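Hi,

Here is the structure I said I would pass on. Have a look at it first, and my notes follow below.

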Protein chains: 2
Amino acid sequence: MAVDRRRLILDAATKSFSMFGFKATTMDRVAKLANVGKGTIYTFFTNKEELFEEIVSTLVKEMIAQAEATIRPDKSFSENVQQVLAKLLEFRTTHVLMIKLLQEEKEIGTPAVLDMLNHIEDEIISYLKSKIDAATQKGYIIQNDSEITSFLLLKTYVSLVSDWERNHEPLSSEQIANIIKFYLMKGLSS
Amino acid sequence: MAVDRRRLILDAATKSFSMFGFKATTMDRVAKLANVGKGTIYTFFTNKEELFEEIVSTLVKEMIAQAEATIRPDKSFSENVQQVLAKLLEFRTTHVLMIKLLQEEKEIGTPAVLDMLNHIEDEIISYLKSKIDAATQKGYIIQNDSEITSFLLLKTYVSLVSDWERNHEPLSSEQIANIIKFYLMKGLSS
DNA sequence: CCTCTGACTAAAAATCAAATTTGGTCACTT
DNA sequence: AAGTGACCAAATTTGATTTTTAGTCAGAGG
């Protein structure tokens with residue numbers, strides 16, 4: 001096997017999705033970029049959506065791996081939650097594909113992109129939930145419903161980072177950390 | 001003055017906005033409904049937006065009056081917050097104009113409507129803030145920043161009522177009340 | 001006078017057919 | 001068997017044409 005065509009296609013598609021978004025990325029362009037016949041793409045992926053899905057799936061793994069890497073077992077649960085949220089949210093502003101997806105969703109409202117963003121949100125909540133469940137198990141926090149807690153954690157974080165800016169000066173990460181600690185963590189501390 | 005033409009126009013426009021939304025309401029239709037020449041509308045309102053604004057402004061006043069009416073001085077601050085939020089959110093599902101605006105924003109994305117919804121949100125937050133400030137003054141709660149508190153209260157409430165339903169069974173008002181109390185109120189209690 | 005009107009206009013939006021683009025296939029090459 | 005690109009039906013874009021609409025204003029009516 002001289003060249004991994006599947007890899008070539010994934011790399012080319014990732015580049016194109018990042019630069020032009022989902023809608024403006026054509027299968028012809030991906031084929032050209034990957035130096036591959038268009039038909040070859042369809043031997044690895046059943047359609048454009050599935051190709052997109054695989055790439056987003058990798059993106060999510062990358063996100064969670066980076067978040068996971070920030071965890072410091074010597075720090076408190078509350079501080080680690082901060083770290084993880086901060087890292088996850090950083091993706092919004094640094095990762096090119098993520099930026100493009102958020103922009104495409106807002107400006108064009110491509111349905112496939114909305115689906116993916118919802119999917120990403122679900123994955124993040126599910127990851128947070130696993131962390132919260134583990135912390136509950138170990139008695140670090142008290143807990144009613146970890147699903148609701150993770151849901152609210154993410155929603156609150158996103159609100160403070162993006163919605164807040166419509167009417168106010170942006171909040172620093174430190175301010176956000178304090179707010180989350182003040183409102184959401186007090187209820188959880190045992 | 002036999003008939004209050006301004007009133008006729010406002011009533012007709014309110015009906016039309018409620019039935020057809022902002023975009024599909026034409027000034028001709030409003031004039032017809034109000035039994036008034038089209039030119040007459042422009043003697044009271046400089047343009048369609050301003051007419052709309054006045055109607056939404058009335059809607060907001062109505063909302064806040066209804067919320068205010070649910071306040072029971074003999075109940076706790078926390079319970080009253082619940083009551084007020086519940087009442088405000090009830091508007092989303094009962095008031096015909098509100099329903100139409102939310103639907104138009106989601107489906108067509110009319111910019112003038114988005115502006116109005118943002119405006120409504122701001123008014124609600126400002127109202128909540130005034131209540132929180134009063135409660136802080138009286139020593140019922142402790143408080144860092146009432147602006148952030150009201151912002152988070154509303155955002156959390158809306159998330160629980162609408163976003164939550166994408167993946168879960170809707171929450172009952174009682175459940176929502178408990179969640180808000182558990183997460184947001186503990187930090188506030190003195 | 002002064003209020004009110006609806007025919008009028010310029011600009012925006014909807015319509016529709018033709019032209020172009022695009023996702024996906026498959027007969028053929030290597 | 002793996003890979004390709006010409007090909008096709010379906011979707012999208014274009015642009016010229018028609019229709020609708022916000023806003024105006026000359027004049028009717030009281």
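Asp122(A) and Arg166(B) pair up through their side chains in a salt bridge, with 3.2 Å from N to O. Keep in mind that this is a predicted model. The rule finds six salt bridges across the interface of chain B and chain A, along with twelve residue pairs in polar contact. On the chain B side, α7 (111-137), α8 (146-161) and α9 (173-185) each supply at least two residues that touch chain A. The largest share, nine residues, is from α8(B). Sorted by class, that side of chain B has eleven nonpolar, nine polar and eight charged residues.

As for the extent of the interface, 28 residues from chain B and 28 residues from chain A take part in the contact. Together the two chains bury about 2,500 Å², and 64% of that is on carbon and sulfur atoms. Arg166(B) turns up again here: with Phe151(B) and Tyr183(B), it loses the most area to chain A in chain B, the three together making up 26% of what that side buries.

Now the DNA. Strand D has 15 residues around it, and Arg5(A), Thr40(A), Met27(B), Lys38(B) and Lys48(B) come nearest. Of the strand D atoms within 4 Å of the protein, 67% belong to sugar and phosphate. Two backbone contacts go to phosphate oxygens of strand D: a polar backbone atom of Thr25(B) at 3.3 Å, and a backbone N or O atom of Lys48(B) at 2.9 Å. Lys38(B) instead has a side-chain N or O atom 2.4 Å from a base oxygen of strand D. The surface near this strand divides into three nonpolar, seven polar and five charged residues.

Cheers

Methods
Residues numbered from 1 in each chain as written. Chains lettered and ligands numbered in written order. Predicted model: local features only at pLDDT ≥ 70, side-chain atom pairs only at ≥ 80, totals over all residues. Heavy atoms only, no water. Contact = heavy atoms within 4.5 Å. Buried area = accessible area lost by both parts, 1.4 Å probe. Salt bridge = Lys/Arg side-chain N within 4 Å of Asp/Glu carboxyl O. Polar contact = N/O pair within 3.5 Å; in protein donor to acceptor, adjacent residues only side chain to side chain. Helix = DSSP H or I, 4+ residues; strand = E, 2+ residues; numbered from the N terminus. Nonpolar A, V, L, I, M, F, W, Y, C, P; charged D, E, K, R; others polar. Near = heavy atom within 4 Å.
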